[in-house]
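Welcome! Take a moment to look at the chain below, and then we will walk through its links and surfaces together.

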Amino acid sequence: MDGLLVACAFTFAVSAGGQSVTAHCPMPVYRVIAQCGDPRWPQGGWTVRGPLADARGSTAMCAKSRIIDYRVETA
């Protein structure tokens with residue numbers, strides 16, 4: 001399987017509602033995926049997928065929790 005390595009820029013934000021991650025990548029169709037939960041128990045987390053990217057990128061929000069891990073998925 002051939003892999004494609006693309007440099008994406010990630011921006012993180014923290015609010016009273018939780019943490020979010022926004023991805024900006026130089027490709028036409030992608031979305032950011034975040035694993036949410038408590039970092040002390042990562043196996044108990046859940047996955048949040050952001051919408052397909054537009055001019056502002058793609059953002060995934062971990063409501064009332066923390067981001068444990070994140071990645072970009074191409075469509």
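Two strands count as a pair if DSSP finds at least two bridges between them, and strands themselves are DSSP runs (E, at least two residues) numbered from the N terminus. Strand 2 (residues 18-24) and strand 5 pair in the antiparallel sense, over six bridges. One of the contacts to look for joins A23 to its bridge partner S58 in strand 5.

A word on the model before we go on: it is predicted, so local features need pLDDT of at least 70 and side-chain atom pairs pLDDT 80 or more, while totals for chains, interfaces and linings use all residues. Residues are numbered from 1 along each chain as its sequence is written, and side-chain values use heavy atoms, with hydrogens and water left out.

Now follow strand 5 (residues 58-63), where the side chains alternate. S58, A60 and C62 point to one face and are buried, while T59, M61 and A63 point to the other and are not. Here buried means under 20% relative accessible area, exposed over 50%, and partly exposed in between (1.4 Å probe, protein chains only).

How many disulfides does the structure hold? There are two, a disulfide being a pair of cysteine sulfur atoms within 2.5 Å. Here they are side by side:

| Disulfide | S to S distance | Angle about the S-S bond |
|---|---|---|
| C8 and C25 | 2.1 Å | 115°, right-handed |
| C36 and C62 | 1.9 Å | -75°, left-handed |

The link of C36 and C62 connects distant parts of the chain, with C36 in strand 3 and C62 in strand 5, 26 residues apart. C36 is buried at 0% relative accessible area, and C62 is buried at 0% as well. As for C8 and C25, C8 is partly exposed at 23%, whereas C25 is buried at 12%.

Next come the charged pairs. Side chains of opposite charge can pair when their charged atoms come close. A salt bridge is a side-chain nitrogen of Lys or Arg within 4 Å of a carboxyl oxygen of Asp or Glu, and by this rule there are two. R31 pairs with E73, their closest N and O atoms 3.4 Å apart. This pair reaches from strand 3 (residues 30-37) to strand 6 (residues 66-74), across 42 residues. In the other salt bridge, D54 and R56 have their closest N and O atoms 2.9 Å apart. R56 is exposed at 65%, while D54 is partly exposed at 41%.

Methods
Helices (H or I, at least four residues) and strands (E, at least two) are DSSP runs, numbered from the N terminus.
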